[in-house]
Amino acid sequence: MGCGSWGAKGTVGSSVLLAWGLLPANPPSCLSAPRNRPEGKVLETVGVFEAPKQHGKYETGQLFLHSVFGYRGIVLFPWQARLYDRDVASPVTEKSENVAGHGSKEVKGKTHTYYQVLIDARDCPHISQRSQTEAVTFLANHDDSRALYAIPGLDYVSHEDILPYSSTDQVPIQHELFERFLMYDQTKVPPFVARDTLCAWQEKNHPWLELSDVHRETTENIRVTVIPFYMGMREAQNSHVYWWRYCIRLENLDSEVVQLRERHWRIFSLSGTLETVRGRGVVGREPVLSKEQPAFQYSSHVSLQASSGHMWGTFRFERPDGSHFDVRIPPFSLESNKDEKTPPSGLHW
């Protein structure tokens, strides 16, 4: 894993101490952090694993280890999304919600919990399976429709990706927003509660943060998950330009090593245009998906001169023997918020 790997450091009763460091690849069972040694050979206990929740949601302030990317983080608040999984066939007797795109397969959305989280800045340099430190991008609050700005260290995490742990540290996560958004309260479980600034920021930026739809499809053991986000509208040269961000995770569910070589996108706009985009790799990378590093995630952006549209396409992968195969990108809608009144406010409360 990009952050190194996780191994047991010790136990307290039935709990497992967490220790973080650069160790041989093993299933995550402990968490420790390097102490005063950049090479990461001195481990320091930072917490104790808790049992993952099979039912219900994690609360604001829950510390966790990301089960795929290995970073430490903390939950800010949950999102209830609709997961459209094209690997799960919908019975023909059910009323299905159709998603535009290739093929005629009907997909029924299922409610699934995701979380807005902060990433520990100490772990970001070690997350090699990400094209960049995850961030939430906004349209800049001025007339330049091309300008974007980002809040780094924010991520969206699925419920099953969370490995919860507890810590006695009153500031267990290093992020510039941690103490702005959360405060320590030893009477609470977890002992980190939301400040008014977090509640106000969530409410003011809800249209630009909201995670509503998640799309997933697997081809030849490569699973592609897409999450689109509406970013807002800007006026440019007497026309309206609508912006979206989309986050894509690629996961190799097999033991065979494969490498992403090409992307092929089809982008349809409600205005009637159909654009084709081809290119090498994604965001300047041609990631290798292996048993040791089975996943890769990146974000990108798209703009349309219409309030809605949809995207679909394929990724071309290469096997060790030089043969290629195409992996479907599940079709997803690009929808705007019709009731938007104010531009994104970013860090302004």
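1. Let's start with the cysteines. Cys 199 has a relative accessible area of 42%, so it falls in the partly exposed class. Cys 247 sits on the other side of the cut-off: with a relative accessible area of 9%, it counts as buried. One thing to keep in mind from here on is that this is a predicted model. What does a search of the whole structure find in the way of disulfides? The answer is zero. A disulfide, for anyone new to the term, is a covalent bond between the sulfur atoms of two cysteines.

2. Now for the overall picture. You are looking at a protein chain of 349 residues, 50% of which count as buried. Its secondary structure comes to three helices and 22 strands. If you take the contacts with a separation of 6 or more, 65% of them are between residues 24 or more positions apart. On the outside, the chain exposes about 16700 Å², and carbon and sulfur atoms supply 48% of that area.

3. Which residues touch the most other members of the largest nonpolar core? They are Leu 211, Ile 248, Trp 265, Phe 315 and Phe 317, in a core of 60 residues. Apart from this core there is another, made of 14 residues, including Phe 64, Val 68, Tyr 71 and Ile 162.

4. Phe 317 deserves a closer look in the viewer. Setting aside neighbours within four places in sequence, Phe 317 is in contact with a run of residues from Val 258 through Gln 259 and Leu 260 to Arg 261. Ser 323, His 324, Phe 325 and Val 327 are also among its contacts. The list is completed by Ile 222, Leu 250 and Leu 289.

5. On to the charged pairs. How many salt bridges does the structure hold? There are 15. A good one to begin with is Arg 72 with Asp 123, whose side chains meet at 2.7 Å, N to O. Arg 72 belongs to strand 6 (residues 72-85), while Asp 123 is in the loop between strand 7 (110-119) and strand 8 (135-139), so this pair ties together parts that are 51 residues apart in sequence. The two side chains are also joined by a polar contact of 2.7 Å.

6. Are the two partners in that pair buried or exposed? Arg 72 has 2% relative accessibility, so it counts as buried. Asp 123 is buried as well, with a relative accessible area of 0%. Buried means under 20% here, and you can see that both values, 2% and 0%, meet that cut-off.

7. A second salt bridge joins Arg 319 and Glu 256, where the closest N and O atoms are 3.9 Å apart. This is a loop-to-loop link between distant parts of the chain, 63 residues apart. Arg 319 is in the loop between strand 21 (308-318) and strand 22 (324-335), and Glu 256 is in the loop between strand 16 (239-252) and strand 17 (258-269). Glu 256 counts as partly exposed, at 36% relative accessibility.

8. Strands 21 and 22 come up again with the salt bridge between Arg 316 and Asp 326, which has an N to O distance of 2.7 Å. Arg 316 is in strand 21 and Asp 326 in strand 22, with their positions 10 residues apart in sequence. What are their relative accessibilities? Arg 316 is at 34%, so it is partly exposed. Asp 326 is at 35%, which means it too is partly exposed.

9. Salt bridges can also join up into a network. Here, Asp 161, Arg 223, Arg 249 and Glu 251 are linked in this way.

10. Two more spots are worth clicking on. Ile 151 has its place in strand 9 (residues 148-152) and is buried, at 2% relative accessibility. Where does Val 136 stand relative to Ile 151? Along the chain they are 15 residues apart, and their C-alpha atoms are 5.4 Å apart in space.

11. The other spot is Ser 307, in the loop between strand 20 (295-304) and strand 21. Its relative accessible area is 16%, so Ser 307 counts as buried. Its C-alpha atom is separated by 6.2 Å from that of Tyr 242, although the two residues are 65 apart along the chain.

Methods:
Residues numbered from 1 in each chain as written. Predicted model: local features only at pLDDT ≥ 70, side-chain atom pairs only at ≥ 80, totals over all residues. Heavy atoms only, no water. Salt bridge = Lys/Arg side-chain N within 4 Å of Asp/Glu carboxyl O. Helix = DSSP H or I, 4+ residues; strand = E, 2+ residues; numbered from the N terminus. Buried < 20%, exposed > 50% of the residue type's maximum accessible area, 1.4 Å probe, protein only. Contact = heavy atoms within 4.5 Å. Areas by Shrake-Rupley, 256 points an atom, 1.4 Å probe, with all protein chains shown as cover. Core = buried A, V, L, I, M, F, W, Y, C linked by side-chain atoms within 4.5 Å. Disulfide = S-S within 2.5 Å. Polar contact = N/O pair within 3.5 Å; in protein donor to acceptor, adjacent residues only side chain to side chain.
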